[in-house]
Amino acid sequence: MLTRPDVAIVGAGPVGLAIAWRCASRGLRVTVHDPAPGSGASHVAAGMLSPVAEAYFGEHELTGLLAESAARWPRFAADLAEASGADVGYRADGTLVVGLTADDLAEARRLWSYQQGVGLPITPLRPSELRDREPALAPRVRGGAVAPGDHQVDPRRLVAALRAAAERAGAVLRPARVGALSEVDARITVVAAGCGAAALTGLPVRPVKGQVLRLRAPGRGAPDFRHVIRGYADGESIYLVPRDSGEVVVGATVEERADTEVTAGAVLRLLRAAVDLVPELAEYELVEATAGLRPGTPDNAPVIGPLPGRPGVLVATGHHRHGIVLTPVTADLVTELIVTGEPDPLLAPFTPDRFGKEPRWN
(Lines give C-alpha, C1' and ligand atoms only; values in the text may rest on other atoms or scores of the structure.)
Protein backbone atom coordinates (compact mmCIF):
# COMPACT_ATOMS: atom_id res chain seq x y z
CA MET A 1 0.00 0.00 0.00
CA LEU A 2 1.41 3.41 -0.98
CA THR A 3 1.91 5.89 1.81
CA ARG A 4 0.16 9.21 1.33
CA PRO A 5 2.84 11.90 1.00
CA ASP A 6 3.11 14.75 3.43
CA VAL A 7 3.83 17.19 0.61
CA ALA A 8 3.02 17.05 -3.09
CA ILE A 9 4.68 19.67 -5.27
CA VAL A 10 3.32 20.52 -8.70
CA GLY A 11 6.21 21.80 -10.80
CA ALA A 12 9.87 20.77 -10.96
CA GLY A 13 11.60 24.02 -11.78
CA PRO A 14 14.16 25.48 -9.36
CA VAL A 15 11.53 26.68 -6.87
CA GLY A 16 9.59 23.40 -6.78
CA LEU A 17 12.72 21.26 -6.57
CA ALA A 18 14.26 23.47 -3.87
CA ILE A 19 11.10 23.14 -1.77
CA ALA A 20 11.16 19.39 -2.34
CA TRP A 21 14.80 19.17 -1.24
CA ARG A 22 14.30 21.29 1.86
CA CYS A 23 11.12 19.45 2.89
CA ALA A 24 12.59 16.00 2.30
CA SER A 25 15.68 17.02 4.26
CA ARG A 26 13.35 17.79 7.19
CA GLY A 27 12.03 14.22 7.12
CA LEU A 28 8.79 14.83 5.19
CA ARG A 29 7.50 12.41 2.54
CA VAL A 30 7.59 14.39 -0.70
CA THR A 31 6.41 13.76 -4.25
CA VAL A 32 7.04 16.13 -7.18
CA HIS A 33 4.75 16.09 -10.22
CA ASP A 34 6.11 17.33 -13.56
CA PRO A 35 6.21 15.66 -16.99
CA ALA A 36 9.40 17.51 -17.96
CA PRO A 37 11.44 18.76 -14.97
CA GLY A 38 13.46 21.90 -15.63
CA SER A 39 11.93 22.57 -19.05
CA GLY A 40 10.16 25.81 -18.17
CA ALA A 41 11.44 29.35 -17.68
CA SER A 42 14.60 28.16 -15.90
CA HIS A 43 15.83 26.39 -19.04
CA VAL A 44 16.00 29.77 -20.79
CA ALA A 45 17.01 31.92 -17.79
CA ALA A 46 20.44 33.52 -17.55
CA GLY A 47 20.78 33.01 -13.80
CA MET A 48 21.59 36.54 -12.64
CA LEU A 49 21.35 37.06 -8.89
CA SER A 50 20.70 40.79 -9.04
CA PRO A 51 19.05 42.37 -6.00
CA VAL A 52 20.58 45.72 -6.96
CA ALA A 53 20.34 45.88 -10.76
CA GLU A 54 16.79 44.47 -10.61
CA ALA A 55 15.60 47.03 -8.05
CA TYR A 56 13.01 49.25 -9.73
CA PHE A 57 10.89 52.24 -8.75
CA GLY A 58 7.81 51.35 -6.75
CA GLU A 59 8.94 47.82 -5.86
CA HIS A 60 10.35 48.47 -2.39
CA GLU A 61 9.01 45.30 -0.73
CA LEU A 62 10.14 43.14 -3.63
CA THR A 63 13.59 44.74 -3.48
CA GLY A 64 13.83 43.74 0.17
CA LEU A 65 12.95 40.13 -0.66
CA LEU A 66 15.50 40.07 -3.48
CA ALA A 67 18.22 41.33 -1.14
CA GLU A 68 17.28 38.80 1.54
CA SER A 69 17.36 35.89 -0.91
CA ALA A 70 20.62 37.01 -2.53
CA ALA A 71 22.21 37.07 0.92
CA ARG A 72 21.19 33.42 1.37
CA TRP A 73 22.68 32.32 -1.95
CA PRO A 74 26.29 31.60 -0.86
CA ARG A 75 25.17 29.21 1.89
CA PHE A 76 22.43 27.76 -0.34
CA ALA A 77 24.95 27.05 -3.11
CA ALA A 78 27.39 25.45 -0.68
CA ASP A 79 24.70 23.27 0.92
CA LEU A 80 23.42 22.23 -2.49
CA ALA A 81 26.89 21.32 -3.76
CA GLU A 82 27.38 19.13 -0.69
CA ALA A 83 23.94 17.52 -0.97
CA SER A 84 24.09 16.87 -4.71
CA GLY A 85 27.79 16.45 -5.40
CA ALA A 86 27.41 18.95 -8.27
CA ASP A 87 28.70 22.44 -9.00
CA VAL A 88 25.95 24.92 -9.85
CA GLY A 89 28.23 27.54 -11.43
CA TYR A 90 27.84 30.09 -8.66
CA ARG A 91 30.10 33.08 -9.36
CA ALA A 92 30.60 36.22 -7.27
CA ASP A 93 32.48 38.44 -9.75
CA GLY A 94 29.87 41.20 -9.52
CA THR A 95 27.96 43.14 -12.15
CA LEU A 96 28.76 46.21 -14.23
CA VAL A 97 25.81 48.37 -15.31
CA VAL A 98 26.69 50.56 -18.31
CA GLY A 99 25.28 53.11 -20.71
CA LEU A 100 26.47 53.31 -24.31
CA THR A 101 25.18 56.79 -25.20
CA ALA A 102 24.52 59.95 -23.22
CA ASP A 103 20.80 59.14 -23.20
CA ASP A 104 21.51 55.58 -22.07
CA LEU A 105 23.72 56.85 -19.27
CA ALA A 106 21.09 59.35 -18.14
CA GLU A 107 18.52 56.56 -17.91
CA ALA A 108 20.93 54.36 -15.96
CA ARG A 109 21.85 57.18 -13.57
CA ARG A 110 18.19 57.81 -12.78
CA LEU A 111 17.87 54.22 -11.61
CA TRP A 112 21.19 54.23 -9.72
CA SER A 113 20.04 57.29 -7.79
CA TYR A 114 16.94 55.41 -6.67
CA GLN A 115 18.94 52.29 -5.80
CA GLN A 116 21.46 54.25 -3.75
CA GLY A 117 18.58 56.05 -2.07
CA VAL A 118 17.20 52.80 -0.69
CA GLY A 119 20.64 51.77 0.56
CA LEU A 120 21.70 49.33 -2.15
CA PRO A 121 25.43 48.91 -2.90
CA ILE A 122 26.04 50.38 -6.36
CA THR A 123 28.97 52.71 -7.15
CA PRO A 124 29.19 54.89 -10.28
CA LEU A 125 32.40 54.59 -12.31
CA ARG A 126 34.05 56.75 -14.96
CA PRO A 127 34.58 55.23 -18.43
CA SER A 128 38.29 54.71 -17.71
CA GLU A 129 37.44 52.91 -14.45
CA LEU A 130 34.99 50.68 -16.29
CA ARG A 131 37.58 49.66 -18.85
CA ASP A 132 40.16 49.05 -16.12
CA ARG A 133 37.75 46.42 -14.82
CA GLU A 134 36.66 45.13 -18.25
CA PRO A 135 38.97 46.08 -21.16
CA ALA A 136 36.59 44.27 -23.54
CA LEU A 137 34.01 47.05 -23.19
CA ALA A 138 33.61 49.28 -26.23
CA PRO A 139 35.43 52.64 -26.14
CA ARG A 140 32.07 54.30 -26.89
CA VAL A 141 30.60 53.33 -23.51
CA ARG A 142 29.90 56.64 -21.75
CA GLY A 143 29.93 55.43 -18.16
CA GLY A 144 28.58 52.93 -15.69
CA ALA A 145 28.52 51.57 -12.18
CA VAL A 146 29.51 48.45 -10.28
CA ALA A 147 27.17 46.32 -8.16
CA PRO A 148 29.60 43.95 -6.41
CA GLY A 149 26.85 41.98 -4.68
CA ASP A 150 25.03 41.03 -7.90
CA HIS A 151 26.26 37.52 -8.73
CA GLN A 152 25.27 34.66 -11.04
CA VAL A 153 24.54 30.93 -11.20
CA ASP A 154 23.91 28.53 -14.09
CA PRO A 155 20.17 27.66 -13.98
CA ARG A 156 20.49 24.44 -15.98
CA ARG A 157 23.16 23.12 -13.65
CA LEU A 158 21.08 24.38 -10.72
CA VAL A 159 18.05 22.32 -11.77
CA ALA A 160 20.16 19.17 -12.19
CA ALA A 161 21.74 19.66 -8.77
CA LEU A 162 18.40 20.35 -7.06
CA ARG A 163 16.88 17.25 -8.59
CA ALA A 164 19.80 15.12 -7.41
CA ALA A 165 19.66 16.63 -3.90
CA ALA A 166 15.89 16.19 -3.63
CA GLU A 167 16.02 12.57 -4.74
CA ARG A 168 18.96 11.80 -2.43
CA ALA A 169 16.91 13.25 0.43
CA GLY A 170 14.04 10.90 -0.44
CA ALA A 171 11.74 12.96 -2.66
CA VAL A 172 10.01 11.04 -5.45
CA LEU A 173 9.58 12.56 -8.91
CA ARG A 174 6.48 11.55 -10.86
CA PRO A 175 6.71 12.43 -14.58
CA ALA A 176 3.04 13.25 -15.00
CA ARG A 177 1.06 16.39 -15.78
CA VAL A 178 -1.41 17.61 -13.16
CA GLY A 179 -4.53 18.99 -14.80
CA ALA A 180 -6.43 19.79 -11.60
CA LEU A 181 -5.55 19.95 -7.92
CA SER A 182 -8.15 17.25 -7.23
CA GLU A 183 -5.77 14.80 -8.92
CA VAL A 184 -3.20 15.30 -6.14
CA ASP A 185 -3.52 13.47 -2.82
CA ALA A 186 -1.27 14.79 -0.06
CA ARG A 187 -1.51 16.52 3.31
CA ILE A 188 -0.12 19.70 1.73
CA THR A 189 -0.02 20.55 -1.97
CA VAL A 190 2.39 23.21 -3.22
CA VAL A 191 1.72 24.72 -6.64
CA ALA A 192 5.07 25.80 -8.09
CA ALA A 193 4.06 25.42 -11.71
CA GLY A 194 5.11 28.80 -13.11
CA CYS A 195 2.66 29.99 -15.76
CA GLY A 196 0.70 26.76 -15.28
CA ALA A 197 -0.34 27.94 -11.83
CA ALA A 198 -3.01 30.20 -13.33
CA ALA A 199 -5.17 27.32 -14.56
CA LEU A 200 -4.65 25.33 -11.36
CA THR A 201 -5.32 28.13 -8.88
CA GLY A 202 -7.21 30.91 -10.65
CA LEU A 203 -4.54 33.41 -9.62
CA PRO A 204 -3.61 36.24 -12.02
CA VAL A 205 -0.36 34.71 -13.27
CA ARG A 206 0.32 35.54 -16.92
CA PRO A 207 3.05 34.52 -19.38
CA VAL A 208 5.70 37.12 -20.23
CA LYS A 209 7.82 36.00 -23.16
CA GLY A 210 11.60 36.35 -23.13
CA GLN A 211 13.97 35.56 -25.98
CA VAL A 212 17.57 34.71 -25.09
CA LEU A 213 20.71 33.90 -27.07
CA ARG A 214 23.73 31.78 -26.17
CA LEU A 215 27.12 32.46 -27.71
CA ARG A 216 30.40 30.57 -27.36
CA ALA A 217 33.88 32.05 -27.23
CA PRO A 218 36.30 31.09 -30.03
CA GLY A 219 38.31 28.00 -29.20
CA ARG A 220 35.87 27.19 -26.39
CA GLY A 221 37.99 29.21 -23.95
CA ALA A 222 36.59 31.44 -21.25
CA PRO A 223 35.11 34.76 -22.42
CA ASP A 224 37.42 37.77 -22.22
CA PHE A 225 35.23 39.44 -19.60
CA ARG A 226 34.31 38.12 -16.16
CA HIS A 227 31.64 40.47 -14.78
CA VAL A 228 28.00 40.22 -15.71
CA ILE A 229 27.40 43.27 -17.92
CA ARG A 230 24.00 44.90 -17.91
CA GLY A 231 22.88 48.15 -19.38
CA TYR A 232 21.51 50.12 -22.26
CA ALA A 233 22.73 50.38 -25.86
CA ASP A 234 20.88 52.99 -27.92
CA GLY A 235 17.81 52.46 -25.76
CA GLU A 236 17.95 48.66 -25.87
CA SER A 237 18.11 46.98 -22.46
CA ILE A 238 20.65 44.14 -22.55
CA TYR A 239 22.59 41.74 -20.33
CA LEU A 240 25.67 39.64 -21.00
CA VAL A 241 26.45 36.75 -18.65
CA PRO A 242 29.85 35.03 -19.08
CA ARG A 243 30.38 31.42 -18.05
CA ASP A 244 33.63 29.59 -17.34
CA SER A 245 32.64 27.12 -20.04
CA GLY A 246 33.02 29.79 -22.73
CA GLU A 247 29.30 30.46 -22.98
CA VAL A 248 27.88 33.97 -22.94
CA VAL A 249 24.15 34.37 -22.34
CA VAL A 250 22.62 37.39 -24.07
CA GLY A 251 19.15 38.60 -23.21
CA ALA A 252 16.41 39.28 -22.96
CA THR A 253 13.25 40.53 -24.53
CA VAL A 254 10.19 41.27 -22.39
CA GLU A 255 7.03 40.62 -24.42
CA GLU A 256 3.42 40.43 -23.30
CA ARG A 257 2.62 37.34 -25.36
CA ALA A 258 2.41 33.60 -24.79
CA ASP A 259 4.19 32.00 -27.76
CA THR A 260 7.73 30.62 -27.63
CA GLU A 261 8.79 31.38 -31.19
CA VAL A 262 12.23 32.91 -31.74
CA THR A 263 11.97 35.92 -34.03
CA ALA A 264 14.58 37.39 -36.37
CA GLY A 265 13.90 40.90 -35.10
CA ALA A 266 14.59 39.98 -31.48
CA VAL A 267 17.81 38.16 -32.40
CA LEU A 268 18.92 41.19 -34.42
CA ARG A 269 18.23 43.65 -31.60
CA LEU A 270 19.94 41.53 -28.96
CA LEU A 271 23.04 40.88 -31.07
CA ARG A 272 23.35 44.51 -32.12
CA ALA A 273 23.17 45.73 -28.52
CA ALA A 274 25.57 43.04 -27.29
CA VAL A 275 28.19 43.82 -29.93
CA ASP A 276 27.79 47.55 -29.33
CA LEU A 277 28.83 47.01 -25.70
CA VAL A 278 31.42 44.24 -26.22
CA PRO A 279 32.63 44.32 -29.86
CA GLU A 280 34.52 41.02 -29.68
CA LEU A 281 31.20 39.18 -29.38
CA ALA A 282 30.84 39.56 -33.15
CA GLU A 283 33.43 36.77 -33.45
CA TYR A 284 31.65 34.40 -31.07
CA GLU A 285 29.67 31.40 -32.29
CA LEU A 286 25.88 31.67 -32.04
CA VAL A 287 24.94 28.30 -30.56
CA GLU A 288 21.36 28.73 -29.33
CA ALA A 289 18.35 31.01 -29.59
CA THR A 290 15.45 30.17 -27.30
CA ALA A 291 12.30 31.70 -25.87
CA GLY A 292 10.58 31.03 -22.58
CA LEU A 293 7.62 32.26 -20.57
CA ARG A 294 8.14 34.01 -17.25
CA PRO A 295 5.23 33.82 -14.78
CA GLY A 296 4.25 37.46 -14.24
CA THR A 297 1.76 38.99 -11.82
CA PRO A 298 -0.09 42.35 -11.75
CA ASP A 299 2.46 43.88 -9.34
CA ASN A 300 5.53 41.98 -10.65
CA ALA A 301 5.99 40.29 -7.27
CA PRO A 302 5.82 36.56 -6.50
CA VAL A 303 2.81 34.81 -5.00
CA ILE A 304 3.81 32.74 -1.97
CA GLY A 305 1.53 31.32 0.70
CA PRO A 306 -1.87 29.67 1.33
CA LEU A 307 -4.41 29.66 -1.49
CA PRO A 308 -7.57 31.43 -0.23
CA GLY A 309 -10.54 29.10 0.22
CA ARG A 310 -8.48 25.98 -0.37
CA PRO A 311 -7.13 24.47 2.87
CA GLY A 312 -3.94 22.50 2.46
CA VAL A 313 -2.86 24.25 -0.75
CA LEU A 314 0.11 26.60 -0.90
CA VAL A 315 1.40 28.46 -3.93
CA ALA A 316 4.93 29.49 -4.88
CA THR A 317 4.77 31.10 -8.28
CA GLY A 318 4.68 34.43 -10.13
CA HIS A 319 8.41 35.10 -9.75
CA HIS A 320 8.61 36.81 -13.17
CA ARG A 321 12.25 37.86 -13.81
CA HIS A 322 13.37 36.78 -10.34
CA GLY A 323 12.81 33.03 -10.11
CA ILE A 324 16.47 32.08 -9.78
CA VAL A 325 17.52 34.70 -7.25
CA LEU A 326 14.37 34.09 -5.16
CA THR A 327 14.75 30.30 -5.08
CA PRO A 328 16.48 30.07 -1.65
CA VAL A 329 14.14 32.38 0.24
CA THR A 330 11.02 30.92 -1.38
CA ALA A 331 12.07 27.39 -0.48
CA ASP A 332 12.90 28.39 3.09
CA LEU A 333 9.66 30.31 3.65
CA VAL A 334 7.43 27.58 2.20
CA THR A 335 9.26 24.79 4.05
CA GLU A 336 8.99 26.60 7.39
CA LEU A 337 5.29 27.24 6.80
CA ILE A 338 4.73 23.54 6.08
CA VAL A 339 6.77 22.32 9.04
CA THR A 340 5.67 24.82 11.71
CA GLY A 341 2.35 26.13 10.39
CA GLU A 342 3.55 29.64 11.20
CA PRO A 343 4.10 32.14 8.35
CA ASP A 344 7.31 34.14 8.42
CA PRO A 345 6.64 37.92 8.45
CA LEU A 346 8.59 38.13 5.17
CA LEU A 347 5.62 36.45 3.47
CA ALA A 348 3.08 39.14 4.33
CA PRO A 349 3.40 41.33 1.18
CA PHE A 350 3.42 38.33 -1.17
CA THR A 351 0.49 36.14 -0.14
CA PRO A 352 -2.22 35.25 -2.70
CA ASP A 353 -4.97 37.07 -0.79
CA ARG A 354 -3.51 40.46 -1.79
CA PHE A 355 -5.38 40.20 -5.09
CA GLY A 356 -8.72 40.56 -3.33
CA LYS A 357 -11.41 38.20 -4.55
CA GLU A 358 -11.22 34.49 -3.89
CA PRO A 359 -9.76 32.80 -7.00
CA ARG A 360 -11.45 30.05 -8.96
CA TRP A 361 -9.35 26.91 -9.11
CA ASN A 362 -9.30 23.54 -10.81
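**Exercise 1. Find which strand gives the largest share of the lining of the second largest pocket, then describe that pocket.**

Solution. Start with the strand: β2 supplies 3 residues, the largest share of the lining of the second largest pocket. This is a predicted model. Next, list the elements that give two or more residues to this lining: they are β2 (30-33) and β8 (172-174). Then count the whole lining, which has 14 residues. Thr3, Arg4, Pro5, Thr31 and Arg174 lie nearest the pocket's centre. Now sort the lining by class: 5 residues are nonpolar, 4 polar and 5 charged. Last, take the volume: the second largest pocket holds about 280 Å³ of space.

**Exercise 2. Place Asp234 and Asn300 in their loops, and decide how exposed each one is.**

Solution. Take Asp234 first. It sits in the loop between β11 (228-233) and β12 (236-242). Its phi is positive, about 55 degrees, although Asp234 is not a glycine. Exposed means over 50% relative accessible area. Asp234 has 52% relative accessibility, so it counts as exposed.

Turn to Asn300. This residue belongs to the loop between β14 (285-296) and β15 (303-306). Asn300 is not a glycine either, and its phi is positive, near 70 degrees. Its relative accessible area is 22%, so Asn300 is partly exposed.

**Exercise 3. Identify the form of the peptide bond from Gly251 to Ala252, and locate Ala252.**

Solution. Read omega for the bond: it is near -15 degrees. The peptide bond from Gly251 to Ala252 is cis. Then find the loop: Ala252 lies between β13 (247-251) and α8 (264-277).

Conventions: Residues are numbered from 1 along each chain as its sequence is written. This is a predicted model: local features need pLDDT of at least 70, side-chain atom pairs count only at pLDDT 80 or more; totals for chains, interfaces and linings use all residues. Side-chain values use heavy atoms; hydrogens and water are left out. Helices (H or I, at least four residues) and strands (E, at least two) are DSSP runs, numbered from the N terminus. Buried means under 20% relative accessible area, exposed over 50%, partly exposed in between (1.4 Å probe, protein chains only). On a 1 Å grid over the protein atoms alone, a cavity is a set of points where a 1.4 Å probe fits but cannot get out, and a pocket is an open set with protein on both sides within 12 Å along at least five of seven lines; lining residues have an atom within 4 Å of a point. Grid points are joined across faces, edges and corners, and a volume is the space filled by probe spheres set on the points. Ala, Val, Leu, Ile, Met, Phe, Trp, Tyr, Cys and Pro count as nonpolar, Asp, Glu, Lys and Arg as charged, and the others, Gly among them, as polar.
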